Amino acid sequence: MNPRTDTALPALTAAFLGDDGTTDWVRGVPRRLRTLLDAMPRSARTAVHGAALAVDAYALARTGRRLTALAPGERERLLARLAAHRTALPVLDALKVPVLLAAGTERMLHREAPAARPAADDPPLDCTPSAAWPNRSTADAVVVGSGAGGAMAARTLARAGLRVVVVEEGEHHTTASFAGRTPLDRFTGLYRDAGATIAYGAPPLVVPTGRAVGGTTVVNSGTCYRTPDHVLTRWRTIHGFAAADGLTTHLDEAERTLRVARQPLDVLGENGRLALSGARRLGWAAGPLRRNAPGCQGSCQCVVGCPTGAKQSVQLSVLPDACAAGARIVTAARVRRLLVDRDRPGGPRASGVLVSRPDGSELEILSPLVVVAAGALGTPQLLRRSGLGGHPGLGRNLSVHPAISVAGRFGTPVGGGQAVLQSVAVEELHADGILIEATAAPPGMSSFVLPGVGRALRDALEDTEHLATLGAMVADRPSGRVLGRHGTLLRYALAPRDAGRLLRAQRAMGRLLFAAGAEEVLTGVPHAPRAGDMAQLEALLADVAVRHLHVSAFHPTGTAAAGADEDRAPADPEGRLRGAHGVLIADGSVLPSCPEVNPQLSIMAAALAVTDRWLART
Ligand SMILES: Cc1cc2nc3c(=O)[nH]c(=O)nc-3n(C[C@H](O)[C@H](O)[C@H](O)COP(=O)(O)OP(=O)(O)OC[C@H]3O[C@@H](n4cnc5c(N)ncnc54)[C@H](O)[C@@H]3O)c2cc1C
């Protein structure tokens, strides 16, 4: 690290949190922030350090001294002055995100040791680390990626009697391994790029995805929506996704496997109860979500691995079935490329995969069938690395469900206790492409960014128990693209229609929180952070454009879409990659368009459909 950043960043962190030596937990934040940044990709680290150096240069220009030479009060005043410049605010706000992650953890640790809950034993999996897997082996089918789609594909093929090997880049994390580790430690271990995957555009979006046995299902919120009928009809009739024909039956099957049921009210938590009461007062359609978490104890940690094993991520539900049917899983195994036999009559044919171990050595698994399920961000790059990226539609058509959060401050504590992380859906605006879900989060991990700097930010952190948060996602026009072959390189140009939906969602969430009794609504907009009533909120938002919002995105789909149009769809109507034999696409990338709901069931059903149809033809 640059020696100047080494000092500028801790000094800036102290200024952000108004560290005047009176609050113990603040002291540990710079060290925790450094650990977090070390786990992030270099681009994110460089951006944070660059921003810290810019603030340091501002201090020098303004006072003749660097941040470290300023007294705590001077640093805080300097930061407040900087924050008064509307142009500097977005940079400060971007810096705040990792600071809040680190601060939330330190504060939590200071208040309570992470509860070590007795974890149930996970159902058995047949996992072998790549270090112990032979350099050369054979299979009837290799599945790349063990997430929602890959797990379903592996189970279907194994049950049909094929020798299946699942190759997964991430590690196997058991439920027991989550106990006693802070949410932040789990976060950096379970997410690709330590959760800092960015889609570049205006605004840039954070698009977190999981990397573990179980893929993103290990870190998802457990919400289970069936693909809406009008979406299925569109997929069938407009896109020609033939596999959509049987999807209703496959959705039933996915729901049974994941033990999906409506979330009971008893562990919902205040966040969800307030969303219900606000909706009731407004006469809006709302209800507890259907989830795959029977016996959920409201630990509110789904997004960093369920510590009780209640959430039926695929490593606890689908993959054990697959292994019982003979499938084997190789972990810490990154597929570098598919092996392709190019001299076959009839065109190129997959013949297996070449896999990297963490120590740089390689192994080969030979197989006549390769199911690519590396996720909508990973699949296009893998196909390009394999010389199979020729289709012009590959990597395009990326949908992501752009999402924002709003918080309401209540007179009595509403957070901090037992709560379901994502508990209630407000479907009033769903027909217009806006789905509101009451979403709490582990400390510091909400995509909602607290307002203020210095003492004001620290006070806001101390007061998070009074905040209820809502999230809204919009069904987007596919507006993104996965570029390149390595690393995660994304572009996303938010469509004007979807920008309008996000702004409308912002107002709707404010209205809902006020209806539920919020004393103030925190918008998450740096230059217009709080409103005391609906009229004030309307006035504030009149000056807000979508570029002022913190937009996240959670559900990438569509980058190797199936469809009838040979020029647009990289996969044929049954999910077979065009231009090569023996390659199926069975993850979020195969969906023709945005599913308009949280997508795990749609992806599992699509993977089932694609592999079922392949089996029926062989
Ligand atoms: C915070 C969060 C909350 C969410 N909440 C919900 C929710 O409540 N409900 C819902 O329906 N959806 C939710 N989702 C989304 C949902 O979990 C995903 O859409 C779904 O898991 C995607 O399935 P997939 O098979 O396409 O990819 P993934 O599940 O992401 O699996 C892909 C796997 O492939 C592996 N891989 C990638 N490249 C390689 C390679 N080269 N070699 C080997 N392995 C590789 C990855 O490590 C990963 O494990 C959420 C997502 C996030 C991030």
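Which residues make up domain 1, domain 2 and domain 3 of the protein? Domain 1 is 3-111, domain 2 joins 132-222, 225-259, 322-394 and 558-617, and domain 3 takes 270-291, 402-474 and 495-550; these bounds come from an automatic or database domain assignment. Keep in mind that this is a predicted model, where local features need pLDDT of at least 70 and side-chain atom pairs count only at pLDDT 80 or more, while totals for chains, interfaces and linings use all residues. Residues are numbered from 1 along each chain as its sequence is written, and side-chain values use heavy atoms, with hydrogens and water left out.

**Where domain 1 meets domain 2**

- The C-alpha centres of these two domains are 39 Å apart.
- On the domain 1 side, 12 residues are in contact with 10 residues of domain 2 (contact means heavy atoms within 4.5 Å).
- About 780 Å² gets buried between domain 1 and domain 2, and 80% of that is on carbon and sulfur atoms. Buried area here is the accessible area (1.4 Å probe) that two parts lose on being put together, summed over both.
- The count of salt bridges between domain 1 and domain 2 is 1, a salt bridge being a side-chain nitrogen of Lys or Arg within 4 Å of a carboxyl oxygen of Asp or Glu.
- Arg32 and Asp185 pair up through their side chains in a salt bridge, at 3.9 Å from N to O.
- As for residue pairs in polar contact between domain 1 and domain 2, with both at pLDDT 80 or more, the count is 0. A polar contact is a pair of N or O atoms within 3.5 Å; within protein, one must be able to donate a hydrogen and the other to accept it, and residues adjacent in sequence count only if both atoms are side-chain atoms.
- Helices H2 (29-39), H3 (42-63) and H5 (89-111) each put at least two residues into the side of domain 1 that touches domain 2. Helices (H or I, at least four residues) and strands (E, at least two) are DSSP runs, numbered from the N terminus.
- H5 gives the most to that side of domain 1, with 5 residues.
- That side of domain 1 divides into 9 nonpolar, 2 polar and 1 charged residues. Nonpolar covers Ala, Val, Leu, Ile, Met, Phe, Trp, Tyr, Cys and Pro, charged covers Asp, Glu, Lys and Arg, and polar covers the others, Gly among them.

**Around the ligand**

- The ligand is surrounded by 40 residues, and the closest are Glu168, Thr216, Thr223, Gly588 and Gln600; the cut-off is a heavy atom within 4 Å.
- Gly588 also has a backbone N or O atom 2.8 Å from a ligand oxygen.
- The side chain of Asn220 has an N or O atom 3.1 Å from an oxygen atom of the ligand.
- At Pro599, a polar backbone atom is 3.2 Å from a ligand oxygen.

**Backbone oddities**

- The Ala202 to Pro203 peptide bond is cis, with omega near 0°, and Pro203 is in the loop between strand S5 (198-200) and strand S6 (205-206).
- Arg259 is not a glycine, yet has a positive phi of about 55°; look for Arg259 in the loop between helix H10 (247-258) and strand S7 (261-262).
- Cys300 has a positive phi too, near 60°, and lies in the loop between strand S9 (290-291) and helix H12 (318-324).

**Salt bridges overall**

- The whole structure has 40 salt bridges.
- One of them joins Arg66 and Asp56, whose closest N and O atoms are 3.1 Å apart. Arg66 is in the loop between H3 and helix H4 (72-83), Asp56 is in helix H3, and the two are 10 residues apart.
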